[in-house]
Amino acid sequence: MTLEEKAGQISQYFYLAGMSAQAEFVEAEVRSGRAGSLLFISDPAETNRLQRIAVEESRLGIPLLFGFDVIHGLRTIFPVPLGLAASWDPELVERVQGIAAREARAVGIHWAFAPMVDIARDPRWGRIVEGAGEDPYLGSQMAAAQVRGFQGDGIGTPDHIVAGPKHFLGYGAALGGRDYDEVNLSENELRNVYLPPFAAAVKAGAGNIMTSYVGTGGVPGAADRRLITDVLRGELGFEGFIVSDASSVVDLTTHGFAKDDLDAATRAIRAGLDMEMWFGLRFQEGMIPTPGVGAFATLPDAIRQGLVDEQRLDEAVRRVLLLKFRLGLFEQPYVDEGRAAKTLGLPEHREMARIAAERSAVLLRNIGSVLPLDRSAVRSIAVIGPLADDKQATLGPWAFAHDLEATVTLLEGMQRVAGSGVTVAYAPGVPVPTRVFPSPFAAMEQFVGDTSPQAALFDEEAEFSRAIELARTSDVVVLVLGEAADMNGEAASRSTLDLPGRQVELLEAVAATDTPVVLVLLSGRPLDLRRAIERTAAILVAWHPGSEGGLAVARVLFGEVAPGGKLPFSWPRSVGQVPLIYSHLRSHQPQTSMMRYWEEESTPLYPFGFGLTYGEVAYTNLCLHASAIGLDETLEIQVEVQNRSSRAIEEVAQLYLHQRYGRAARPVRELKAFQRVVLESGETRTLHFQLDAAARRYWSSAQNTSVLDASIFDVWVGGVSTASLHAEFTVQDSTGSFLSPTNKP
């Protein structure tokens, strides 16, 4: 291979069919052997056409690697990842991403830019919707499950694709929750909070890792040798290939880190980056974007100038070629277009989308047991709200190859599930909220096919009045509020958590009719519910629930299934509290910790792990198999969980741990285990947990390594992070002391 062909194998281009000049340029690069991977193509006929250019027209005939943002489904859209995390069901999540992989591979996609495993503790950050929330343990479980789902038994498993966990490392800690802004993390936070989900993904066998746009400590992620080579490869033992996020190698100059493209490429590949993802366009102020090569196109010159060792380039190329071999692309580079169409239409995929949405729903409030809706008592239902019949909001962000028309909205779901004896009427009330600054992805829709409905004329005052009158004459209101699809995801950060537009005004006017209100939230983050709490009888968080989301939510509302989801984050009272996390450190005057703000409690509106169901759950008989264990020993724990209701329910039992003293102060509580279980009416079940040494290990900044401390530990088990059922045990070092030598005064 020539140096140019080697550089081409580790260069990935967006392919924007709607922009002919860019598409023609990329095709020429493929034909010349200067592009080894493409992204943003989901048409099997198009992937085959482009693959033929690479295989049949380039000098070496090396097949292309196709990547795509398969975030929460391809054609079949599942709940957004934050919603999937709310299921607290890793097995479900694994099945979901297995279906996503099956659909993706059928159309010629080999690699998902997912899962996003960034911890997100500031809900103003738009990309909180793509992850598993605030907790590193829950995040690790979801990361590993998604990797297994995408990849199956391993890379090369039929009907599966390569997982690409992202963004390494700390992207979720952007200042102010502002996407792309700088990150400043202590080593304690980086190691104990943000790194564990990546470690879990690597352990699960992830074939790729994507670096971050931003950096920590002033070093952008695409060129951070300490994180890429020392931590990811050295400490975590990652053996796959590492790709930059879109255009972030070229952006090393934007950061003021690199001098030019040559310097950027040199520093990125020497840091350990294996592939550059490049938009394929050069943006210059006041000029039309023009096609052009990325920074890695300068690598041949860098080698000729002695700036980069050719062996380092060969190492990166070898990783990419090995992946293509393991995927079987040299033997079969093309896809069966007829089989692809059949795979995308499989009914079992839609069924799993419905199940996933049902299991992701979180019930926050249910006064007077207004839910489930009783068909014998409720004869007329007013479905009100701008998102109730919004197909795009039902799907959420990061859905590019979906079937919009086949999406079931909540209005459609209610009409299907209510039955012939119940009247379901609809009024939007207010228009769908819009952004002040449009989403940059709106401009890209023309390149992938804009399937969004066109806005219709909307008489705001007439529609508002019609909604209020409908509420007044109905037995119950199902009020569907929240965020439009483009209000979540990349470049979708917010300075407020308020319900957008006139939604609060609509809520208050509907509530003033005295008709019971069931609020259903479609969103990808917590929203400010202070004005909703006293005005609603029930609140159900549906997230952006996906292709079958409306049917799933309707089934939950009518009690055909019981809600069992739990919050994957602490729900703040207002934006002024964020970030607000349950696993904080106990600091000065903990007895007044709920009084840090003088005008309201500095506690969450709903705590991490919270979620109601249609029944009463009781936890009793918490037992530890030993009162003292050694540093490396495992503790067996059991607890009894009872369903004290007359119907079957689902519950997520959660185990939390606290270390009382050690080489560093430890969080007041940390999630260490959980189980989601089905409990029949009146059933009592004994659940078993194990706490091994890994559950007690943490990174000590003072020691600059991970440590195990001898100490006294508290254990709580229950259905929420504030669980009160408690026990304690001690951990002794080899001398039998409760304190390790380094802890002694």
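This is a short tour of a predicted model, with a few places to select one after another.

**Stop 1: a parallel sheet**

Start with the open sheet of five strands, whose order is 4-3-2-1-9 and whose pairing is parallel. Now colour its edges: strand 4 (111-112) and strand 9 (276-278) each pair on one side only. If sheets are new to you, their strands pair through backbone hydrogen bonds, either parallel or antiparallel.

Next, zoom in on strand 3 (residues 65-68) and strand 4, which run parallel and are joined by two bridges. Pick Phe 68 and look across for its bridge partner in strand 4, Ala 112. Then add helix 2 (residues 20-31), which packs on the sheet. Helix 2 touches strand 1 (11-14) and strand 2 (37-39), and its direction makes about 155° with that of strand 1.

**Stop 2: Thr 211 and its contacts**

Select Thr 211, in the loop between strand 5 (208-210) and strand 6 (215-216). Is Thr 211 buried or exposed? Thr 211 is buried, because its relative accessible area is 1%, and the cut-off for buried is under 20%.

What is in contact with Thr 211, leaving aside its neighbours within four places in sequence? Show His 167, Phe 168, Gly 221, Ala 222 and Ile 228, which are among its contacts. The list also includes Ile 242, Val 243, Ser 244, Asp 245 and Leu 273.

**Stop 3: two cis peptide bonds**

Keep Phe 168 on screen, since you have just met it as a contact of Thr 211. A cis peptide bond joins Phe 168 to Leu 169, with omega about 5°. Leu 169 sits in the loop between helix 6 (136-151) and helix 7 (187-194).

For another cis bond, jump to Val 578 and Pro 579, where omega is near -5°. Pro 579 belongs to the loop between helix 22 (549-557) and strand 18 (617-624).

**Stop 4: two positive phi angles**

Go to Ser 247, in the loop between strand 8 (241-243) and helix 10 (251-254). Ser 247 is not a glycine, yet it has a positive phi of about 65°. Ser 247 also counts as buried, with a relative accessible area of 12%.

Finish at Trp 543, which you will find in the loop between strand 17 (538-541) and helix 22. What is the phi of Trp 543? Its phi is positive, about 60°, although Trp 543 is not a glycine. Turn on a surface here: Trp 543 is buried, with a relative accessible area of 0%.

Note on methods: Residues numbered from 1 in each chain as written. Predicted model: local features only at pLDDT ≥ 70, side-chain atom pairs only at ≥ 80, totals over all residues. Heavy atoms only, no water. Helix = DSSP H or I, 4+ residues; strand = E, 2+ residues; numbered from the N terminus. Buried < 20%, exposed > 50% of the residue type's maximum accessible area, 1.4 Å probe, protein only. Pairing = 2+ DSSP bridges. Contact = heavy atoms within 4.5 Å. Axes fitted to C-alpha atoms, helices over the stretch in contact; angles between N-to-C directions.
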